[in-house]
Structure formats: C-alpha cells, structure tokens
Amino acid sequence: MKVKSPLEIYKYLPKTNCAECGYDTCMSFAANIIERKVKPADCPFMLEEKFKDKLMELEDLTSPEIKEVVIGVGKNAVTIGGDDVLFRHDLTFFNPTALAYDVWDTMPLDKLEERINTIKSYTKFYVGNFINLDMIAVRCVSNDPLRFKEVAEKAAETGLPLILVSFSPEVLRAALESIGNKRPLIYAATEENWQEIARLAKEFEVPVVLYSKDLATLQSLAVTFSEMGIQDLVLDPGTEPVGKGLQETFKRVIQLRRAAIEGGNKKVAYPIMVVPMTAWLIESDKLSTTYWETVVASVFIVKYADIMILHSLEPYEVMPLVILKTNIYTDPRKPVAVEGGLRTINSPDENSPVFITTNFALTYYTVESDLVSAGVDCYLLVIDTEGLGVEVSVAGGKLTASVIKETIEKEKVTEKINHNSIILPGLAARLQGELEMETGMKVLVGPVDSGRIPGWLEENWPPK
Amino acid sequence: MGEEKNSIQDLLEFFRKLNVKELHNVEIEGDIEIEVDLQQTPIFELMRAIGYELGMAGYHLMNASKMLGYPVEVFFQPPQVAEVPVQVEKEVSVLSELIREKFEEPKVEYPGVIEEIVIGATKADGGTRSNVVKVGGEKSLPFYYFDALMPNTPKVTIDVFDMPITLAKAVREHYQDVMEDPGDWAKKAVKEYNADMITIHLISTDPLLKDTSAKEACKAVEDVLQAVKVPIVIGGSGNPEKDPEVLERAAEVAEGERCLIASASLNMDWERIAKAAKEHGHVILSWTQMDINNQKTLNRYLLNKIGYPRDSIIMDPTTAALGYGLDYAYTNMERIRLSGLKGDKDLAFPMSSGTTNAWGAREAWMTGSPIEGDSDWGPREYRGPIWEVITGLTLALAGGDLFMMMHPGAVAVFKEICQALYGEKDIRLDNIEQWITLEVEE
Ligand code: B12
Ligand code: SF4
C-alpha cells in the first residue's frame, strides 16, 4: 500500500461521516482501509459517478504491494499474493500459501482417479474450520496434447483450480481450448517460449507463471508481459531442492519479495511460486524424500511462497503443511475468541455431564469437535477468558473459581441438571477445591487432553 | 573442481569412493556443473549419488523400511459432468523482443549484532569438554547470508532426564534401553544420534515426583559430564520453590565446565540461580513466557542487578508447538531478533527453543484423529518427528540458535535442512525443470 496514514486516504473520501459504511466517521473508515479490513469501494458513495476518479486513484494508492492473482472460478477459486509486509507482526500476511498437488498425464486411469479423489476429499479440522487442499497441478509427461487435455479435463471435474504444467505451447493450448474458461494458471513462460505463452495468456485470459533461475531474466519477463497487458503473473525463481542450490533458492525468494516490498521494485511485485516437488528428483527412499519435500515446503511457507506445487499426499506430510500455513497466515491482530456461554452438544438431558472450557477459539473448537465426533451428549460451559487457552488462563488468573461460578449462575446451569456436578479440564485441576467451596457443586477433574474424554467418561460417569 | 566440467562418470566415481560418513563431511569447492543428456545418461544413478546425503537423514529414521508401504485410504466420488466450453480464437499480438532488465539485489545492514556465546570449556580453559559449542553472533536474519554471513549454524542439544519419564511412543522406543541411567542416555544421544550438546533435566527433584535432594540429583550431572565430552545444559524440574536450590548446587558441582544453566525465570528466585551460575562461570538461560517485554526486563535484571557478562546470556522466549501457538512463538522470536539486530542491546542474545514441546501436540502422538471428518492422519511414527522438525525449523527461521530436541530422526532432518540453508552442503542438482516430466514411482 502506497499510503501509510488514514489522513492521506481521508482526502479522497466524501467526508460526510454518514456512517453508512458501518464506521462512525470517514476517518475511522480510512483507518480500516489502512488495516486492510475494508476496501474503498465499501463506502457506497464512492461508487457514484462523481467519485469515479477519486475511487480509481484511491484504489491505486491502497492496493497491496504484491499483486493479487485469482486462479480458478466459482467458490473454489483461490486468490494468491496481496501481501504488504515482510514480517507478519507489522500487519498480517494475506492469502495463505496455496498448495497444489500434482497429477500427470501418463498415470494409469485408476491411479489418476484415486489421486484426484484423495486431493479433492482431503480435510483437516482446525480452529473451527475444515482445511482442504487448494489446487491440482496437471503435468504433461507424454508430450501428447490430446492426452494432456483429457487428463486436465478429468482434474477440472473436481471444480478445484488447476495449474497446467508444460513448457510446450501446443500442449497448453490443447487443454486451454477445453477448460480455458475455468481460469487455470499456466506454467510456464521462459526465455525460450515466452511469446507463444504470452499469446495463450492473452487469448484465453488466464494467469501465467514466469520461470527463470536468473532474477534479471525473471524481471525481464515480468516487464515484457506487463508491457503486453498481461498482469496476472506469478514468478517462479526455480526451486533447487538440495545443498547450495537450496541455499540460493532461499536467497532468490527472499530477494524477490524484499525488492518488491522494501526496495520499491514494482516490476517484480507478483506472487511467488515454489516447487518443493523437485525433491523427487533426488533418488532416495520414499520416506526420506517425503520428509525432505516437507521441510523444503515448510521453509517457503514461512518465507514468502504464495503458491507451491507438491507431490506427496502422505498424510504425515500434508497435515503439518496445511497447519503451518494456517499458523503463519493467522491474523495476529484478531483476538481468536468465541463467545462465552452454555452450549449443548448432541442431545443432552438432565443426566448429562457439564464440561468447562475457555473461549480461546483453538481450545473451544478442539473440545467441541472432540465431543461432537465422539457422540457425547453433554453441556459445554464456555468461560470468557478473553480468548486465552486453559493453561494460559489459569496461569494468568483469567480462569478462576469465581469467574466460573458467575458463569454457572448466569447460565442457570444447575437448573438444567440433576446431578449437581461439573467437570474441569485436567489442566485446570488446581481450581477444584476452591470451586467446590464456592459453588457447593461436585467438581470432577477430566483428562488433560479433551480427545480423551470418551475414555474418561467410561470410568468416571455417572459420578459416584 | 573449479571451472572444468566433469563427466558423469568422473562424478560417480568420486562419490563411489566415499562411504556415507565421509560424504557427510566432504567439501567440494566451486559449483559442480553437470551436463545431463537424459536420453543417454543413467540419471537415476547420478541422483542416487547426489541424494546420498538425504539417505543419511533417512537412515536415522529408525525402522523406516518396516513402516513403508502402508495403505493410503482413498475415497471415491462420482465424477461430475463437465461443461463443454466453446472458445472463439482471438487475434492477439505480442512483443517481438524481450525487454531486458537488471535486477537490483537489495542489501540490508543492521546496526546491531547478536552476542556470540561459547558453551563448554576445554582443558585449556579449565574444563573437561573435548570441544565447545558456539551460538549466536548474527548480523543478519537467519540464513540471510547475502546480507551478512551467519557465523554459526543452529545447534541441537538432546534432552536427557534423571529418571525414566513418560514419552510419546515414537520417542520412547529410541531411549527405552537407557532411561534408567542418564550417563548411558547421554552417551547414546551423542554417539548414535549426533547431539551437539546434552541437556540433563533434574526433574526427579520436583516435590510432586521423587523430591530428590539437590545433592543427590547432582550426581546425575556428574554422571553426564563423565559419560560425554560435549558441553551440557543443566535444567531443573521447573518447580519454582525447588529449582533455585537445585540449580545453585548444580552450578557448583559443574564448576569450570561452562554449562548452560536452565533457567532464570521471573516466577522464581532468579537472583539466587543467576548469582550461583555467574559465580561458577556458567552461561545462564533467561526464560520468559512469550512476552518480549518480560524478556527485556529479565535480561536487564541479569545484566544490571547481577552484573551478568554479556557473553554469557542466552534467552528462551518459549516454544509452542505447530498448531498450538507456533504463530505466537514465531512472531515473538522474530520480533526479539529484529529488535536485537536493530540495536536493542537488551535483546541482542542468542535464543534457545524447547522444541521437544512439539510432542505435546496431539497430532504428534495420538494414534488417529478424534475428530470425525478428518482425513486419515497417517502413522504416528512419522507424524511425530515431522512435527518436531517443523516446529524447530520454523523457529530457526525466526532466529533460534539452540534447539532442545529428542527424536533422533527429527534431529537428523533438522540438522540437514539447517546445514543446507547455511550453505554447508556443496552439492547441487542441475536440470531441476525435469520435475515437470518426472514419472514418480508410487
Ligand atoms: C500460546 C501460549 C500463550 C499465548 C496464549 C494465546 C491464547 N490465546 O491462549 C500467550 C502469549 C498470550 C501466553 C501468555 C501467557 N502464558 Co502462555 N503459553 C502458551 C503455550 C505456548 C501454548 C498454550 C496453548 O495454546 N495450548 C493449546 C490449547 C488448545 O490448549 P488448551 O487450551 O489447554 O486445551 C487443551 C486441554 O486443556 C484440553 N481441554 C480444554 N478444555 C477442556 C475441557 C475439559 C472438560 C477437558 C477434560 C479437557 C479440556 O484439551 C485441549 C486440547 O488438547 C503454553 C506452553 C505450551 N507449549 O503448552 C504456554 C503456557 C500455558 N503459558 C504459561 C504462562 C505462565 C503464561 C503467562 C502467565 C506468562 C506471563 N507471565 O505473562 C501469560 C498469561 C496470559 C495472561 N495475560 O493471562 C505457562 C503456564 C505455566 C503453568 N502451568 O502455570 C505455559 C505452560 C508455558 C510454561 N511452560 O511456562 N501464553
Ligand atoms: S459511508 Fe463513506 S461517507 Fe459515509 S462515513 Fe463511511 S466513508 Fe464516510
């Protein structure tokens, strides 16, 4: 973003403080533009004809440093890029690294379908959401345009955005003629084929990856494409998976991003692609290679990759990567909390247990989904600990016997049950005595991890 | 190797002469340029040679072959019917020449420098260690060698406890045979698992565990110092009442060895611990719980109230596992490191990470997901170590210097990736574009 203070934005706004946008004043709206929580067009008046020029100028001033590129169409479309800072604590990172998993056009049909389905159906529950895999990268191994097109069509049936991978313009054209309207990302334009690839990108209006291990060449390609009116670009500086090559890959990625954000080099201000899949060029055993692909990917999830192509679908590789990208792209400005209060899980009655937990989103959703999945009928009393987890809030004095007592009274918990008992998380065991004294209820201490509640209930419920 | 290009045969010959161990330490000067003609050359053989280093990492993943080839669950869904689009060919024009550009490499210089800390003392310095370990000394962000060379790679210290403890199954199986004896435990960690250092945790002193006396517990420190010649870290049980007494005694027992004493923390009598550590010439670990301001405060106390020398402080800003607060830990460490580099002398110290915390994440140790709808989590023997590696690696990228770890496979992979990013591995794979047409065997 070119502007740093709300004042610079304020100048362009209607200055009526009408509050239509949901903020009390235009100045407050401007501050939220800086925070990237709203866009200029969210002020309804800016859409009026007389503000047309101002809106355009303001959009230019407030657009992110790194260009946002959309891949795919419809609800599965993925936006990449859009970052404004080099360190997440300076604002937040936007648009988590998109993970694309590969298929190739010489796979036997049954294997291909299996793989596509694995990619499509992957889910991991985390902090209240199911995380899925973002895209499929279709590689042309056969060099046969027809075959490639058929495999691309199969992959497109999933509705997931695609990356079409081949240096051959004929091959890419074949697939684009069939599924070009699904806005796939095409890979890649190089120093050799750039004209042909540019033609495709223009003709089918699709985003395109530029590839070169040499950053000057990469910038040359970017400037040339931009000059031709092709702005939906992704830069691949080449991923060398081992040794000095990896070290230099790290340098190229960092330098590209630093140049764009701090060095003011708008010419390379595009999303970056990294291909940890190159780890599979190293002949080694499957486990080592899978591990190596995972660590290479991790380095670049932490450091600036906006999109990556991966091969291994082993769950022990996929799960840590989807969680890592979620962690790194979590907005550090947002309190990750849910509302306090009494929730019902499945269908509890007066004999059902009452569990206590805190309103930190990670804690709450973990506990809630554990209980739902295990089919436990119960109440979950969520204490407002200002968004802190169990152990932290006990240590920090936010989860105390008196706060729990207040919430029990407010939610009229005792009226809903006939056993007069409640269950504390194992990590809050030290509140047991005091809570019994304050509430006169029977206070049980559950396991340390909520995943173990079902087993614990078998031995401890109903209370003796 | 210089300028001349080697034939594949030369290279293969070269690698063949080396066994795994030697290759691990080999240094090849200059870039290896290999011209590969895919049609004629045994590319896989070449890659096997180059990939040997990785074989090393894999080698440490115990029981690897046993666990290979487990069935991946696959879900089938009925295929959806795709719409058949019609494309109208457009007339498009493109430029005839590439616009040639130069790429300016940005360079960032910071005014500050992170202290370089030496842990351990050899005979020359009045100790009995065979080598010292150096951490810190950075003038740039981690692995940003293009700004300033990082003088030291991240180091690993393996956790040893003074009594058998509950460990995740995947970790336990590697230490089962030595858990009764801290000396044996330490020896195994150094000899077989390549630990740079050993951390002896005196947890039996915890009143809730065995309540071992400080004197009794310090025998384990002596045992470990006897058993291994690498520098050591001495930790208490974390009990705020007992630790000052235990660590005071430990500092005395280990005099001359320049250990890292873990730790001085605001929630206990840190003054007593720090005074003892200073008096007996040790490095102190300044531990705070994820709070940059507290970290600064405690460091200032150590420097100003105790007069702790600047070359003897390491910080532990607390580690949270991947998925369980790693984002907080990462950002906290990154901010601390940036402050140090930008000139805040109170924060310009190396950082340590309790990476073993990763095993607290349920994804690391549970047999499967308790949550309905999750895809298969895969075998936990593999998940656990990778959880530890990623937790450590992420924090290495935030500025971590010393890593307290446990799983031997995790240690091996973590070291391997740090050495690669550090530039210690002078190997390279050409023709990386071949991933595009690679047929990966399943
Ligand atoms: C992230 C973190 C923070 C973050 C908190 C972010 C947040 N929104 O909660 C921040 C940086 C803010 C923080 C601050 C502090 N922290 Co802190 N923090 C951690 C850390 C690294 C992870 C905690 C976590 O999020 N766990 C994951 C969540 C999901 O776990 P959970 O809430 O406990 O839920 C699980 C279980 O409790 C159980 N469960 C939950 N509900 C229920 C219900 C029932 C019925 C059952 C049976 C089970 C159950 O299942 C859940 C899933 O496994 C831990 C260390 C560690 N590695 O564990 C230290 C830790 C918890 N913090 C600690 C401390 C001391 C603090 C501070 C007091 C430090 C300070 N001096 O300022 C402050 C307090 C904050 C305040 N002002 O009140 C100590 C606590 C020591 C202790 N045991 O007393 C720890 C253990 C670090 C340490 N070793 O010293 N911290
Ligand atoms: S809607 Fe527009 S004019 Fe009204 S307060 Fe918001 S920014 Fe100002």
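**Entry 1: chain A as a whole**

How many helices and strands does the secondary structure of chain A come to? I looked this up first and found 17 helices and 17 strands. I note that the model is predicted. I then took the extent of the C-alpha trace of chain A, which spans about 80 × 65 × 40 Å along its principal axes. Chain A has 464 residues, and buried residues make up 61% of them. I also looked up the area that chain A exposes, which is about 16,700 Å². Carbon and sulfur atoms supply 48% of that area.

**Entry 2: contacts and charges**

I considered contacts in chain A between residues at least 6 apart in sequence; 65% of these join residues at least 24 apart. Chain A carries 49 positive and 66 negative charges, and I found their mean positions to be 3 Å apart.

**Entry 3: salt bridges**

Side chains of opposite charge can pair when their charged atoms come close. Over all chains I found a count of 47 salt bridges. I chose several for a fuller reading.

**Entry 4: A:Lys124 and B:Glu363**

I found a salt bridge between A:Lys124 and B:Glu363, with the closest N and O atoms 3.0 Å apart. This pair crosses between chains: A:Lys124 belongs to strand S4 (residues 124–126) of chain A, and B:Glu363 to helix H13 (residues 362–365) of chain B. Are these two residues, A:Lys124 and B:Glu363, buried or exposed? I recorded both A:Lys124 and B:Glu363 as buried.

**Entry 5: A:Asp134 and A:Lys325**

I next looked up A:Asp134 and A:Lys325, whose side chains meet in a salt bridge at 2.8 Å, N to O. The pair links distant parts of the chain, its residues being 191 residues apart. I located A:Asp134 in the loop between strand S5 (129–131) and strand S6 (135–139), and A:Lys325 in helix H11 (residues 315–328), in chain A. A:Asp134 has 16% relative accessibility and therefore counts as buried, since the cut-off is under 20%. A:Lys325 is buried too, with a relative accessible area of 5%.

**Entry 6: A:Lys267 and B:Glu101**

A:Lys267 forms a salt bridge with B:Glu101, and I read 3.0 Å between the closest N and O atoms. Why does this pair join two chains? I found A:Lys267 in a loop of chain A and B:Glu101 in a loop of chain B, so the pair joins the two. A:Lys267 counts as partly exposed at 39% relative accessibility, whereas B:Glu101 is buried at 18%.

**Entry 7: a network**

Finally, I noted a network of salt bridges that links A:Lys213, A:Glu240, A:Glu248, A:Arg252 and B:Arg428.

Key
Residues are numbered from 1 along each chain as its sequence is written. Chains are lettered from A and ligands numbered from 1 in the order in which they are written. This is a predicted model: local features need pLDDT of at least 70, side-chain atom pairs count only at pLDDT 80 or more; totals for chains, interfaces and linings use all residues. Side-chain values use heavy atoms; hydrogens and water are left out. A salt bridge is a side-chain nitrogen of Lys or Arg within 4 Å of a carboxyl oxygen of Asp or Glu. Helices (H or I, at least four residues) and strands (E, at least two) are DSSP runs, numbered from the N terminus. Buried means under 20% relative accessible area, exposed over 50%, partly exposed in between (1.4 Å probe, protein chains only). Contact means heavy atoms within 4.5 Å. Accessible areas come from the Shrake-Rupley method with a 1.4 Å probe; for residues, only the protein chains shown count as cover. Lys and Arg count as positive and Asp and Glu as negative; His and the chain ends are not counted. The place of a charge is taken as NZ of Lys, CZ of Arg, CG of Asp or CD of Glu.
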